[in-house]
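Colleague: Could you take me on a close look at the inside of this protein? I would like to hear how the nonpolar core is put together and what sits around it.

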Amino acid sequence: QGGAMPIWVGATGPMGIRHAARIGDEWLISPELSLAKVEERQRIYREALPPGTDPSSKIYPLMREAFVAKDHGSALKIAAPALRTKYEAYVRWGHDVAPFEELLRTTFMLGSAEHCIAEIEKYSERLGTRLILTRMQWPGLDHAEVLRNIETYANVIAHWSCVNYREAYN
């Protein structure tokens with residue numbers, strides 16, 4: 001691109017994903033897609049890449065809702081009410097999202113730091129993801145909890161991620 005800014009295209013459906021492969025530099029993977037759905041749709045993306053494009057050159061950026069607490073139950077207790085409000089609004093607006101309880105089980109990164117790190121490793125291994133964008137604040141979530149979540153994420157998960165990324169890609 002001659003130094004131009006990369007263009008990432010977000011899409012969830014097959015037609016949009018094919019379009020992202022043709023016109024964008026990366027497909028930005030939506031936070032409401034389960035790992036199984038992402039794997040299925042990643043095949044569509046890879047097949048639609050322009051001829052000569054090496055799929056391993058992609059970073060497969062993935063968005064996830066994330067909340068780190070001492071354990072899964074604690075994370076659910078704090079984050080689930082705000083996430084429920086947000087995703088129920090998406091449903092009212094006509095977005096095609098899975099039922100909330102399924103999202104809790106299959107897409108959100110909620111739990112201990114060790115659990116969240118295991119999720120990151122899983123996305124890296126199964127999808128080739130080299131960048132995860134996390135949302136850690138939602139309407140209705142107490143600001144002190146947001147700050148604690150960000151601090152924990154930065155001190156534990158982001159540090160772990162930076163060290164492992166440098167080792168893998170340098």
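Modeller: Happy to; here is a walk through the core, the strand beside it and a few single residues. Please keep in mind that this is a predicted model, in which local features need pLDDT of at least 70 and side-chain atom pairs count only at pLDDT 80 or more, while totals for chains, interfaces and linings use all residues. Residues are numbered from 1 along each chain as its sequence is written, and side-chain values use heavy atoms, with hydrogens and water left out.

Let me set the scene. The protein chain has six helices and five strands (helices are DSSP runs of H or I with at least four residues, strands are runs of E with at least two, and both are numbered from the N terminus). Along the sequence they follow the pattern β-α-β-α-β-α-α-β-α-β-α. The radius of gyration, taken over C-alpha atoms, is 17 Å, close to the 15 Å from the globule rule for 170 residues, so the chain is as compact as a globular protein of that length. That rule is 2.2 Å times the number of residues to the power 0.38. Of the 170 residues, 42% count as buried (buried means under 20% relative accessible area, exposed over 50%, and partly exposed in between, with a 1.4 Å probe and protein chains only).

Now to the core itself. A nonpolar core here is a set of buried Ala, Val, Leu, Ile, Met, Phe, Trp, Tyr and Cys residues joined through side-chain atoms within 4.5 Å. The largest one holds 29 residues, and Trp 27, Ile 29, Tyr 45, Met 109, Tyr 123, Tyr 153 and Ile 157 touch the most other members. At least two residues each come from β1 (8–11), α1 (14–23), β2 (26–29), α2 (35–48), β3 (62–68), α5 (113–127) and α6 (143–169). Helix α5 gives the largest share, six residues. Apart from this core lies another, of 18 residues, including Phe 67, Ala 80, Leu 110 and Leu 141.

Trp 27 is a good place to zoom in. Not counting residues up to four places away in sequence, Trp 27 touches Val 9, Ala 11, Ile 17, Ala 20, Leu 33, Val 38, Arg 41, Gln 42, Tyr 45 and Pro 61 (contact means heavy atoms within 4.5 Å).

Next, have a look at strand β5 (residues 132–135), where you will find Ile 132. At 18% relative accessibility, Ile 132 counts as buried. Beyond its neighbours within four places in sequence, Ile 132 contacts Leu 62, Arg 64, Ile 120 and Tyr 123. Its C-alpha atom is 7.0 Å from that of Arg 64, although the two are 68 residues apart along the chain. Thr 134 is also in β5, but at 21% Thr 134 counts as partly exposed. With neighbours within four places again left aside, Thr 134 contacts Arg 64, Ala 66, Met 109 and Tyr 153.

Two more residues round off the tour. Glu 114 belongs to helix α5, yet Glu 114 is exposed, with a relative accessible area of 59%. Tyr 60, in the loop between α2 and β3, is buried at 2% relative accessibility. The phi angle of Tyr 60 is near 50°, a positive value in a residue other than glycine. Most residues other than glycine have a negative phi.
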